[in-house]
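Here is a short report on one protein chain. Keep the sequence and the structure in view while reading.

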Amino acid sequence: MTTRAPSPAPAPSSLPGPWHIAWVKGGHARVASIAVDAIVLSSTIPSPPGSRLEGRLLVEAGATAATGATGATGATGETGATGETAATSATIRVKIHGSKRQPDGAFILEGRVLDATREVRARLALAGAAAG
């Protein structure tokens with residue numbers, strides 16, 4: 001019996017942006033849609049049902065969309081590869097209900113946002129509106 005190695009997740013540059021979330025364990029995602037208790041993401045990495053993904057929200061308050069990989073200088077003077085400054089960053093946690101691989105190599109993650117403040121939910125809604 002031959003074991004097939006899993007194909008690697010596509011690099012962020014191989015999938016079109018803009019990115020809304022940078023996952024802590026690596027990879028990026030954009031908001032496809034969001035409702036009161038449900039979120040659908042297009043992600044560069046998969047995650048099994050029941051898992052919890054943590055990431056940094058790249059959509060700034062008042063912005064129409066995140067641009068992804070543009071360097072920005074944070075409050076400590078460090079330049080980040082995600083375009084997010086330390087002063088406006090927010091953490092997002094998502095409990096995954098389902099993950100489906102797409103023909104382009106991306107993964108559709110369905111789940112719900114955990115422990116989000118009103119500000120984070122508003123920024124996600126803004127990202128979802130820009131995506132739709």
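Strands β3 and β8 run antiparallel and are joined by 5 bridges. Within this pair, leucine 41 has leucine 109 in β8 as its bridge partner. Strands count as paired if DSSP finds at least two bridges between them. Strands (E, at least two residues) and helices (H or I, at least four) are DSSP runs, numbered from the N terminus.

This is a predicted model: local features need pLDDT of at least 70, side-chain atom pairs count only at pLDDT 80 or more, and totals for chains, interfaces and linings use all residues. Residues are numbered from 1 along each chain as its sequence is written, and side-chain values use heavy atoms, with hydrogens and water left out.

**Overall layout**

The protein chain has 1 helix and 8 strands. Along the sequence the pattern is β-β-β-β-β-β-β-β-α. Of its 132 residues, 36% count as buried. Buried means under 20% relative accessible area, exposed means over 50%, and partly exposed lies in between (1.4 Å probe, protein chains only). The chain exposes about 7400 Å², and carbon and sulfur atoms supply 55% of that area. The areas come from the Shrake-Rupley method with a 1.4 Å probe; for residues, only the protein chains shown count as cover.

Take the contacts between residues at least 6 apart in sequence: 57% of them join residues at least 24 apart. A contact means heavy atoms within 4.5 Å.

**The barrel**

Which strands close into a barrel? There are 6, in the order β1-β2-β3-β8-β7-β4, with antiparallel pairing. From one strand to the next, the twist averages 45 degrees. Axes are lines fitted to C-alpha atoms, for helices over the stretch in contact, and angles run from 0 to 180 degrees between N-to-C directions.

Four of the antiparallel pairings are listed here.

| Strand pair | Bridges | Residues that stand opposite or are bridge partners |
|---|---|---|
| β1 and β4 | 3 bridges | isoleucine 21 and leucine 57 |
| β4 and β7 | 6 bridges | arginine 52 and lysine 95 |
| β2 and β3 | 5 bridges | alanine 29 and serine 43 |
| β3 and β8 | 5 bridges | leucine 41 and leucine 109 |

A hairpin also links β2 to β3, through 4 residues.

Helix α1 (residues 118–131) lies across β2, β3, β4, β7 and β8. The helix runs at about 85 degrees to β2.

**The core**

The largest nonpolar core has 20 residues. Such a core is a set of buried Ala, Val, Leu, Ile, Met, Phe, Trp, Tyr and Cys residues joined through side-chain atoms within 4.5 Å. Ile21, Trp23, Ile39, Leu41, Val94, Leu109 and Leu124 touch the most other members. Two or more residues come from each of β1, β2, β3, β4, β7, β8 and α1. The most come from β7, which gives 4.

Leucine 124 is one of the core residues just named. Setting aside neighbours within four places in sequence, leucine 124 is in contact with Val31, Ile34, Ile39, Leu57, Ile92 and Val113.

**Serine 43 and aspartate 115**

Serine 43 is found in strand β3. Is serine 43 buried or exposed? Its relative accessibility is 0%, so serine 43 counts as buried. The strand is largely enclosed by the rest of the structure, because 4 of the 5 residues of β3 are buried. Beyond neighbours within four places in sequence, serine 43 is in contact with Trp23, His28, Ala29, Ala106, Phe107 and Leu109. Serine 43 and phenylalanine 107 are 64 residues apart along the chain, with their C-alpha atoms separated by 5.0 Å.

Aspartate 115 sits in the loop between β8 and α1. Aspartate 115 is not a glycine, although its phi is positive, at about 50 degrees. With 65% relative accessibility, aspartate 115 counts as exposed.

**Confidence**

The mean pLDDT of the chain is 75, and 64% of its residues reach 70 or more. pLDDT is the predictor's confidence in each residue, from 0 to 100. Among the elements, β8 has the highest mean pLDDT (96) and β5 (residues 72–73) the lowest (34). Over residues 63–87 the pLDDT is below 50, and this stretch has 43 contacts in the model beyond near neighbours in sequence. Residues 7–15 also stay under 50, with 14 contacts beyond four places in sequence.
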